[in-house]
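Here are a few short exercises to work through with the model open. Try each one before you read its solution.

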Amino acid sequence: MDYIQKGTKAFNKANWALFLAGFITFANLYVSQPLLPTFAEEFHVSPAVASLSLSVTTFALSISMIIVGSLSEAWGRKSLMTISIFAASILTLALAFSPNFETILVLRVIQGVVFAGLPAIAMAYLGEEMDPRSLGVAMGLYISGNSVGGLSGRVIIGTLTDLYNWQVGMIVLGMLSLIISVLFVWMLPNSRHFSPRPLQIKALTTSLIQHVKDPSMLCLFGISFVLMGSFVTLYNYIGFKLMAPPYSLSATIVGWIFVIYLVGTFSSAWFGSLADKYGRQKMLLLSIAIMFAGALMTLSGLLSLKIIGITVFTFGFFAAHSIASGWVSRRATHDKAQASSLYLFFYYFGSSVGGTAGGIFWMHDGWGGVIAMITVFLVVACLLSFLLKGIIAKQSMVTRP
C-alpha cells in the first residue's frame, strides 16, 4: 500500500477534497467575525460581548476536538469529517432565523461542537496517507483552503449584509456549503493506512497524557495558542477601527479587506515547502518576525499602511501555522489524530481567550492596546520556539546510539 505522492491523481483528489472541506469549515467558523459591529449595534451589546459569537464557537470547538480526535481512532476519518461538514452547513442555515443574540450564541456553541469533526482529523488523514516527502506541501495546501474559506465567508457575509442583511448572507453560505459537502464525499479517497480499533477510553486517555508529557509537543501547543490568539484579536477589532471615523468604511468594504487572506494561501504552501528544505525552527522564527512587523505597521494612521500591515501580518501567520501544524504530525509517534486535536485545542482556545481579551484592551486603550497584547503573544511564541529547539536537540542526544 503506497503512500500518496505529489503529482499523482490520488494526491490531487485528496488535496482538492480537503481544500474544499477546509474552505467551508472556515467560511462558516468565522462567518460572525465581520458581523461583530453589526451585532453590537443591532442587539445593543458591547464589542467584547459581540465577540462571543466567535469565541464561544472556537471554545466549543477546542474542547470537542480532543473527544472527536479520539473517536476517529475507532470510528474512522472520512465518516466523521463528512458528518461534520454537513451538520455545520445546516446550522449556518439555522442561524439565519435566529430571533435574538442569545439564540445565535446557542447555535454557535453547537456549531463549534460539530466543526470538530474536520480539522484534527484532516491533519491526521494527511499524516497517515501522504508520503513524508509530500506532507509539507499537502499540509500547506490544506491550510490554504482554510485561508480561502475564511476569506470567502467574510466577503460573502460583509457584501450581502450591506446589500440585503446578514440573514441572507447566512442562507447563501449555508447552501453553498451543502453543495461543497457533496463534492467532498465524492472526491476524498478512503483511508488506506488507517486501522480502526475498539474504543478504549483508558488507552486513549493514557495516550493523551503521553502527548501532553512530551515537552516538545507542549511547546508546539503553546505556540499555537499565542499565534492564533494574536491573529483572531487583530481581525476581531480591525472592523471596529475601520468602520469608525476617520475611516468610516462600510461593512462591504471591511468584508472585502479579508481578501488579504489570499496571501495566506500562498505563504502556507510556500513556507511549508521551505520548512521541509531549510528547517522548521528557522522558518517558524522568520514567520513570527513577519507577523510582528505587520502588527507594528497597523499602528500607522494612514489607511494604506494599515492594510499593508494587515497583509504582512496575515502572510506571516499562515506561514507559521503551516509549519507548526506540520511539525506536530511529524513529532507524534502514535495516535496522530489525538496529537493534532491537542494542537488545535490550544489553537482555538487561544482564539477564544485572545479574541475576547482583545476586546478589553480595545475598550480601554484602543488599537494601541490591541497591538500591545499581540506583541506580548508574539514574544512568547519566539521564546517557545527557542525552547523547542533546545528540547529537540537534547532528545536527539539521548536517543543517539
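**Exercise 1.** What radius of gyration would a compact globule with 401 residues have, and what does the protein chain have?

*Solution.* Some ground rules to begin with: this is a predicted model, where local features need pLDDT of at least 70 and side-chain atom pairs 80 or more, while totals for chains, interfaces and linings use all residues. Residues are numbered from 1 along each chain as its sequence is written, and side-chain values use heavy atoms, leaving out hydrogens and water.

Step one: take the globule rule, 2.2 Å times the number of residues to the power 0.38, with the radius taken over C-alpha atoms. Step two: that puts a compact globule near 21 Å, so the chain's 20 Å agrees. Step three: check the C-alpha trace, which spans about 65 × 40 × 40 Å along its principal axes.

**Exercise 2.** Work out which residues touch the most other members of the largest nonpolar core.

*Solution.* First, the core is a set of buried (under 20% relative accessible area) Ala, Val, Leu, Ile, Met, Phe, Trp, Tyr and Cys residues joined through side-chain atoms within 4.5 Å. Next, of its 130 residues, the answer is L18, M81, Y142, L227 and Y348. The largest share, 20 residues, comes from helix α16 (residues 336–399); helices here are DSSP runs of H or I, at least four residues, numbered from the N terminus. Last, zoom in on Y142: leaving aside residues up to four places away in sequence, the residues it touches (heavy atoms within 4.5 Å) include L18, F26 and L118.

Notes: Buried means under 20% relative accessible area, exposed over 50%, partly exposed in between (1.4 Å probe, protein chains only). Helices (H or I, at least four residues) and strands (E, at least two) are DSSP runs, numbered from the N terminus.
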